[in-house]
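Colleague: I'm new to this one. Can you walk me through it?

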Amino acid sequence: MIDWRQSPPGKPEIIKCRSPEKETFTCWWKPGADGGLPTSYTLTYHKEGETLTHECPDYKTGGPNSCYFNKKHTSIWTIYIITINATNQMGSCSSDPRYVDVTYIVEPDPPVNLTLELKQPEDKKPYLWMRWFPPTLVDVRSGWLTLQYEIRLKPEKSAEWEIHFAGQQTQFKILSLYPGQKYLVQVRCKPDHGFWSEWSPESSIQIPNDFTMKDSTVWIFVAVLSAVFCLIMVWAVALKGYSMVSCILPPVPGPKIKGFDTHLLEKGKSEELLSALGCQEFPPTSDCEDLLVEFLEVDDSEDQQLMPAHSKEHPGQGMKPTHLDPDSDSGRGSCDSPSLLSEKCEEPRANPSTFQTPEGIEKPENPPKNVTHTWDPQSTSLEGKIPYFHVDGSKSSTWPLPQPPNQHNFRSSYHNIADICQLATGAAGASATLLDKTDKHAFKSSKTIETGAEGKAAEQREVESFPSKTDQDRAWLPPQEKTPFLSVKALDYVEIHKVNKDGALSLLPKQKENSDQTEKPSTPETSKEYAKVSQVTDNNILVLTQDPRAPNLALFEEQAKEAPPSLPQNQAQIDLASFTAPPGNCRLQLGGLDYLDPAGFMHSFQ
Amino acid sequence: MLRAMGRDKASLDRMTFDNLTGSLLLLLLLVSDLLLCKSVASLPICPSGAVNCQVSLRELFDRAVILSHYIHNLSSEMFNEFDKRYAQGRGFVTKAINSCHTSSLSTPEDKEQAQQIHHEDLLNLILRVLRSWNDPLYHLVSEVRGMQEAPEAILSKAIEIEEQNRRLLEGMEKIVGQVQPRIKENEVYSVWSGLPSLQMADEDSRLFAFYNLLHCLRRDSHKIDNYLKLLKCRIVYDSNC
C-alpha cells in the first residue's frame, strides 16, 4: 500500500561539533523532515589524507542525534569531512559535508569546585577569597591545554555582574564588599586558542554585618591632607587676602576725576571740592582744549536771557536735541558762576540721572530711559574725549540712523551745565573718568540701547571697542548727589529773537511749546522760532540762519574748522564736542544746531 | 648503617668513623641538594650544579611560548580576514585538503603521540617546521604586497609573523644548544614549492594558493605552539603546570 504522503527524508544538517579537551569531540545534527516514515540516521566521515570512509563510532554518548569520537578516533590538526545520511523506506538523503578540524572547536566544561571564604586577617583589610579547579577532563598539567579564567560576582539582589579576569591562576581575592549582603559568584574558563566555557553553578556567601572595611590609615592621611590644605589656604588668604578678594570681587571703581578729593566731598564742602577740581570761573578760561562736551544742558533760571532752557515737555515728540555747547567755557563755567547757576549749584540734584527726557527735566519724575551712550568713532582723534549721552536710537540727532527713529522712544538727553562741568573737568585731566557708585547705578538703570537701528548697533560696537575708555559709560554720570549745585530745574528752550549787528543774540524764553519741536527728521517742522547757527566766524560771531526743519539734533563738531555742512542735517552725528576754544576765545561751530547756550559765547558777544 | 657494623671495639671504632663519614657525606649531599634545588624538581636536561642552565632554560621557554602563542594568534586572524574577504563562496575549504608542504614531516597528531616523543626529537621537529616556513613567509609578504589593493591588515600581519618566526627560530636554536649541545643536526626542513601558484595569472587559482598557504600557516603555528607548551611543562615544571 503506497501512502502518497510518505516521501524520502528531508535533508539533515549538522548543527555543532565540539571538543571539551582537544582529545575527543562530539557532533550533533538536526534531522530533516522524516517523510512520514521511520528514518534512520548515520554519520559517515573520512579524514584528510585518507580515502577510507568510516562511520560514527558512538551514537549514544552524546545524546540523541549525536556522534561521539573518542580519543582513538580523534586526530588533531586533521580535517574531518563528516556527512549525515538519513534513510527511510522511501529513500535517503545526505547532508552537506561538514569540514571539521578539532583544533578549532575546543570549548571546555566550566571550572569545578568553586569555594568561597571570608578572610579577615589582623591589621589588614578583610577580603573574600575564592578558589576553583579546572574542569576535570582538561589536561592542564601536561600543558596540552592552557586555561584562562574569569570570575563574576554580584550581590544577590543586584542585576549587574561584576566581572574580573583572573588569568591562569585558580584563585582570586575580592576586597570591596558590602557588609550584610549575600554574594553570588561564578567562574568560567577558556583554552588558549578556543572558546569560553559556560559559567559554573553559582556559589553564594553571606557577608556578615560587621565586615568593616576600615582603613584608618587612609582616613588619617585624608585628615592630614585636609589640614595642610586648610593651613595653606589660611596662609594664602592672610598674605594675599586683599588681592584675592579683589580678584574674586573686583572693586567697583570710584570716580577718578582729576583734582577730585573724596575727603572734601565727605565733608560736604562743595566749593573747595569744585575748586580743587579746577572749575574755573565761568566761562572757563583755561584747559578747554582737552574737554569734550557734546551736550550742554542749560538750566531754566532767572537769567533767562542768558541761558536758553529746554522746554519742559515733549510729549511723545521727537527728542529735543540738546547739544552740549562745544565751548568748554560754558561747561565749566557753570560750576563757578554764581550768577548763572548758583541756585543749581546749591540745590541737590534731584534727577536720578544726568540725562533725562525733556519731560522730566524738572524733577526726576521721568527718569530717563533708553539713554544710550555711545562714542562717536569719528572723534577718536580727540583727546580727553568724554562720552556723552545721547538719546537712544529714536533720536535721530545723535546717530546717523538708516531708519527713521522711533517716535515713542523719544528721550532727549541733556546735560546740566554743572554736569558738563563735572564731566569736562573730569575728562580734562584724566583719561578715564570714574563715577561713584550711586551715579553709576542711576546711570545704568537708565541705560538701554535702542536696538532698532543697525547703525546704532554698529556704532555701539564701535563705541564699545573704543580703546581709550573702558568705563566710559560710567564716566559720564556725574555724582549728582554730591554736587549740590547740580540741580536740574525745568529747562526751557529760548528762542532767538533777533541777532543784532554785534552778533549778540537776544533770546526769548520759549513757553512750553513742543509742537514745533520734534526730533524726527522726517517730519520737518516749521520752526521759525529757531535759528540755526550755520557757522561761527573767526570773530566768534554766530551766523544764524533760519532752519525750516526741526532737526533737534545736536551736532558737535570736533573742530571749529570743520565744515559744518558735511554733517547731515537730520542725522544725529555724534561728535564729541570738544572744548576747543582757546582761553577766552571759545568757539562754536555747530551745524544744524538749533539750540545754543548763549552763555557759552556770552563773553564773546559782550 | 650503624647497626650493620660489628660490635667489637675495633669495629666499633671503625663504625664510629664510618658513622662520622657517613653523616658527613650525608650532610654534604644535603647541603649540595639545598644549594642546587631551587624548584621542587631540577631539570632533567641540565647538568647538576649548573644553576644558570635551569634559570635560563625557564626564561628561554617562557619567551618561546609567548612568541609561538603570538604567532598563532596572528596567523589565525590573518586567515580569518582572508577567508572573509576573498574566499567566500569559492569552496576553497573543500580543496585545501592534505595540501600543506610540511605534511611530510611526521608530526604527532594527538596528545598521546606528542607525549611519547622524546623532548629532543620534539625540539628538532619544531626546528624543522620553523625552518620550513622561512621561505614561504618571505614570499607571502612580497606577494601580498604585490596584490592589487593589498589588504593592509593582512600584509602587516604577514610581515609581523615573518619577523617573529625568525626570532622564535633563534630562541629555539638557543634552547636546543642548551638541551642537547652535543648533537649538531643537519638542517632538515621541508621545501616549499608553492611560489608559482602564488603568481598565477588566474585569479581564482591564485587566491586559492593564498588561502591554502594561510590555512597551512595557521595549522603549523598551532602545532608549534602546542608542542612548545608541552615541552615547557614537561621540562621546566616537570609535567606539573
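Colleague: Which order do the strands take in the sheet with strands 9, 10 and 13 of chain A?

Modeller: The order is 9-10-13, in an open sheet of three strands with antiparallel pairing. This is a predicted model, where local features need pLDDT of at least 70, side-chain atom pairs count only at pLDDT 80 or more, and totals for chains, interfaces and linings use all residues. Residues are numbered from 1 along each chain as its sequence is written, chains are lettered from A and ligands numbered from 1 in the order in which they are written, and side-chain values use heavy atoms, with hydrogens and water left out.

Colleague: What counts as a strand, and as a pair?

Modeller: Strands (E, at least two residues) and helices (H or I, at least four) are DSSP runs, numbered from the N terminus. Two strands pair if DSSP finds at least two bridges between them.

Colleague: Which strands stand at the edges there?

Modeller: Strand 9 (112–119) and strand 13 (171–174) of chain A. Each has a single partner strand, so one side of each is left without a neighbour in the sheet. The twist averages 15° from one strand to the next. That angle is taken between N-to-C directions, from 0 to 180 degrees, with axes as lines fitted to C-alpha atoms.

Colleague: How many bridges join strand 9 and strand 10 of chain A?

Modeller: Six, in the antiparallel sense, with strand 10 covering residues 127–133. A:Leu116 stands opposite A:Met130 of strand 10 in chain A.

Colleague: Next sheet. What is the order in the one with strands 1, 2 and 5 of chain A?

Modeller: It runs 1-2-5, again an open sheet of three strands with antiparallel pairing. Strand 1 (13–18) and strand 5 (66–69) of chain A are the edge strands, each pairing on one side only.

Colleague: And how do strands 1 and 2 of chain A pair?

Modeller: Antiparallel, over five bridges, with strand 2 at residues 25–30. A:Arg18 stands opposite A:Thr26. A:Glu13 has A:Lys30 as its bridge partner in strand 2 of chain A. The hairpin of these two strands has six residues between them, and A:Lys22 takes a positive phi near 65°.

Colleague: What do the side chains of A:Lys30 and A:Glu13 do?

Modeller: They meet in a salt bridge, 3.8 Å from N to O. The rule wants a side-chain nitrogen of Lys or Arg within 4 Å of a carboxyl oxygen of Asp or Glu. The two residues are 17 apart in the chain. Over all chains, the structure holds 21 salt bridges.

Colleague: How many salt bridges cross the interface of chain A and chain B?

Modeller: Five. In one of them, B:Arg219 meets A:Glu48 at 2.8 Å, N to O.

Colleague: How many residues does each chain give to the contact?

Modeller: Chain A gives 25 and chain B gives 30, where contact means heavy atoms within 4.5 Å. The chains bury about 2,400 Å² between them, 53% of it on carbon and sulfur atoms. Buried area is the accessible area (1.4 Å probe) that two parts lose on being put together, summed over both.

Colleague: Which three residues supply the most of chain A's buried area?

Modeller: A:Trp77, A:Tyr104 and A:His193. They supply 31% of what chain A buries against chain B, more than any other three residues.
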